[in-house]
Amino acid sequence: MAILYALVARGSVVLAEFSGTATNASTISRQILEKIPGDSDTHVSYSQDRYIFHVKRTDGLTVLCMADETAARRMPFAFLEDIHQRFVRTYGRAVHSAQAYGMNDEFSRVLSQQMEYYSNDPNADRINRLKGEMSQVRNVMIENIDKVLDRGDRLELLVDKTANMQDNTFRFRKQARRFRTSVWWKNVKLTVALIFLVLVVIYVVLAFVCHGLALPSCLK
């Protein structure tokens, strides 16, 4: 799974988050939120080991995700832009006064769904390619996380090795859905064919019976 973790925060107050695997990314993300300089809008990425924390801050609202380094930049920032728009559209001004985790029960499901979509659905990247890379994303430099965190503060990133297993599980579920859909359509076609055959048989039988009943009258 390319995107493993995501959160939405106002300053350092986390409003919603979701993790697709067992990881301490939540703790490291809070350190990043506290250390990001200034209050201006920003797009920035920080690398640690084989993973990159991508951050988008707009109008005081910060959206952050942790992705595998193979995900590059376009897809994670497209995900962050999508999440930011959905969050603002859903909660509006409530964002400015919400308590910590005030939207988590509802919006964590949205994070989960969109993480799976951007990580596993080929159409997500096709759409992003058609839209073109956002100009601000082209200029994002991926810096080492030491740039924002003091070495003494930095924690070792721990990611459950079962992340790849979860990725395979998502793909298996999609394949299973496609297989069930294919089998369902085959059953529908077979049922329609059987109904048509039965109707033809009934028509032939009725025609034969009617012809047999009409034959004596003809002989008279």
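This briefing describes the salt bridges and the nonpolar cores of the structure shown above. The model is a predicted one, and a search of the whole structure finds four salt bridges in it. Apart from these charged pairs, there is a largest nonpolar core of 27 residues, and a second, separate core has 17 residues.

**Salt bridges between distant parts of the chain**

- The side chains of R30 and E17 form a salt bridge, with a distance of 3.4 Å from N to O. Because R30 belongs to helix α1 (residues 25-35) while E17 belongs to strand β2 (residues 13-19), this pair ties together parts that lie 13 residues apart in sequence.
- The two partners in this pair can be described by how much of each is accessible: R30 is partly exposed, with a relative accessible area of 23%, whereas E17, with a relative accessible area of 16%, is buried.
- Another salt bridge joins the side chains of D68 and R50, at 3.7 Å from N to O. This pair links distant parts of the chain, since D68 sits in strand β5 (residues 61-68) and R50 in the loop between β3 (42-48) and β4 (51-58), 18 residues apart.
- D68 counts as buried at 15% relative accessibility, while R50, at 44% relative accessibility, counts as partly exposed.

**A salt bridge within one helix**

- The side chains of D82 and R86 meet in a salt bridge at 2.8 Å, from N to O. Both residues lie in helix α2 (residues 74-91), where they are four residues apart, or about one turn of the helix.
- Within this pair, D82 is buried, with a relative accessible area of 13%, and R86 counts as partly exposed at 29% relative accessibility.

**Nonpolar cores**

- In soluble globular proteins, nonpolar side chains tend to be buried together.
- In the largest nonpolar core, which has 27 residues, those with the most contacts inside it are I3, V8, F79, F87 and F107. The elements that give two or more residues to this core are β1 (3-10), β2, β5, α2 and α3 (104-120), and α2 gives the most, with eight residues.
- F87, one of the residues with the most contacts inside this core, is in contact with V8, L15, A16, L61, G92, V95, M103 and F107, if its neighbours within four places in sequence are left aside.
- The second core, which is separate and has 17 residues, includes I28, I32, Y46 and L64.

Conventions: Residues numbered from 1 in each chain as written. Predicted model: local features only at pLDDT ≥ 70, side-chain atom pairs only at ≥ 80, totals over all residues. Heavy atoms only, no water. Buried < 20%, exposed > 50% of the residue type's maximum accessible area, 1.4 Å probe, protein only. Core = buried A, V, L, I, M, F, W, Y, C linked by side-chain atoms within 4.5 Å. Contact = heavy atoms within 4.5 Å.
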